[in-house]
Amino acid sequence: NAQFAFGVAECLLELARIHSRNGDISNAISQFHEAAAHFEKAADLVKSGECLSLLSDICYNIGNYDQALDSRLQALHYAKQSNNPVLICEYLNKVGEVYKALGDYKKAIENHTQSLLIAETLHDKALLSKTNYYIGNCYNWWDKLDKAFKYLDCSLQIADELNSPELQVKPTGSLAILFTKMKEFDKAGEY
């Protein structure tokens, strides 16, 4: 009644998170949409993008890649409008992951590469490790193994430098797959 769009949006966002945790996907999707609209009314594009990103994660996880892509592209649009380079990187990587799932490796790598360029200017090593992983993983799925190795190895080196098991696990697993594809089973086993 008070026309407090931000407060309504916060409530809807929390309800959406609760529905999502409880596995009520339909209500979660609906409430993430509503929360995003209310945050947009309140002129908070970052929070609106966050809602759309969470919505896209649900859609991605249930295999609704078209809706996931639409939501991630809108979240990316909001991040660009808010001029937040970390969010732009994050959302470019999320858009890239949908394109990878759709089998459009070229578009996936284009998005991840844009993210990498921004991450390099930020000197954010964790983001550099993640983004190199995403690019390498796309090339791995695309069976361009030499290029995949370059990025996966770079990702792992940065993760090792940061001593971050969380960042080390994905490139390590992808390198094991890469060497298995190359029939270099001893190296695959090492990873």
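This is a tour of one predicted model, stop by stop, with what to select at each.

**Before you start**

Residues are numbered from 1 along each chain as its sequence is written, and side-chain values use heavy atoms, with hydrogens and water left out. Because the model is predicted, local features need pLDDT of at least 70 and side-chain atom pairs count only at pLDDT 80 or more, while totals for chains, interfaces and linings use all residues.

**Stop 1: the whole chain**

Show the C-alpha trace. Along its principal axes the trace spans about 65 × 35 × 30 Å. Switch to cartoon. The protein has 10 helices and 0 strands; helices (H or I, at least four residues) and strands (E, at least two) are DSSP runs, numbered from the N terminus. The order of elements from the N terminus is α-α-α-α-α-α-α-α-α-α.

Colour by accessibility. Of the 191 residues, 44% are buried. Buried means under 20% relative accessible area, exposed means over 50%, and partly exposed lies in between (1.4 Å probe, protein chains only). Now consider contacts, meaning heavy atoms within 4.5 Å. Of the contacts between residues at least 6 apart in sequence, 50% join residues at least 24 apart.

**Stop 2: helix 1 against helix 2**

Two packed helices are described by the angle between their axes and the distance between the axes. Select residues 5-21 for helix 1 and 25-41 for helix 2. Their axes come within 8 Å and cross at roughly 160°. Axes are lines fitted to C-alpha atoms, for helices over the stretch in contact, and angles run from 0 to 180 degrees between N-to-C directions. Helix 1 and helix 2 are therefore roughly antiparallel. On this scale, angles under 35 degrees are roughly parallel, over 145 roughly antiparallel, 65 to 115 roughly perpendicular and the rest oblique.

The crossing of helix 1 and helix 2 is left-handed. A crossing is left-handed if the near helix is turned anticlockwise from the far one by less than a right angle, and right-handed if clockwise.

Add side chains. On helix 1, the residues that meet helix 2 include Phe6, Leu12, Leu13 and Ala16. Across from them, helix 2 contributes residues including Ala28, Phe32, Ala35 and Phe39. By class, this contact has 12 nonpolar, 5 polar and 4 charged residues. Ala, Val, Leu, Ile, Met, Phe, Trp, Tyr, Cys and Pro count as nonpolar, Asp, Glu, Lys and Arg as charged, and the others, Gly among them, as polar.

**Stop 3: leucine 13**

Stay on helix 1 and centre on leucine 13. Leucine 13 counts as buried because its relative accessibility is 1%. Leave aside neighbours within four places in sequence: leucine 13 then contacts Phe32, Ala35, Phe39, Lys47, Glu50, Cys51 and Leu54.

Draw a C-alpha to C-alpha line from leucine 13 to glycine 189. The two are 176 residues apart in sequence and 44 Å apart in space.

**Stop 4: helix 2 against helix 3**

Add residues 45-61, helix 3. Helix 2 and helix 3 pack at about 160°, with axes 8 Å apart. That angle makes them roughly antiparallel. Their crossing is left-handed. Helix 2 residues in the contact include Ile25, Ile29, Phe32 and Phe39. Facing them in helix 3 are residues including Cys51, Leu52, Leu55 and Ile58. The contact residues divide into 13 nonpolar, 2 polar and 2 charged.

**Stop 5: salt bridges on helix 1**

Side chains of opposite charge can pair when their charged atoms come close. The structure holds 11 salt bridges, each a side-chain nitrogen of Lys or Arg within 4 Å of a carboxyl oxygen of Asp or Glu.

Select glutamate 14. Its side chain meets arginine 17 at 4.0 Å, N to O. It also meets arginine 21, at 3.6 Å. Glutamate 14 and arginine 17 are about one helical turn apart, because 3 residues separate them in helix 1.

How exposed are these side chains?

- Arginine 17: partly exposed, at 27%.
- Glutamate 14: partly exposed, at 36%.
- Arginine 21: exposed, at 59%.

**Stop 6: a pair on helix 5**

Jump to helix 5, residues 85-101. Glutamate 97 and lysine 100 form a salt bridge at 3.1 Å, N to O. They sit 3 residues apart, about one turn of the helix. Glutamate 97 is buried at 12%. Lysine 100 is buried too, at 4%.

Back at the N-terminal end of the tour, one network of salt bridges with shared partners joins Glu10, Glu14, Arg17, Arg21, Lys47 and Glu50.

Finish by centring on lysine 100. Beyond neighbours within four places in sequence, lysine 100 contacts Tyr105, Ala108, Asn137, Cys138 and Trp141.
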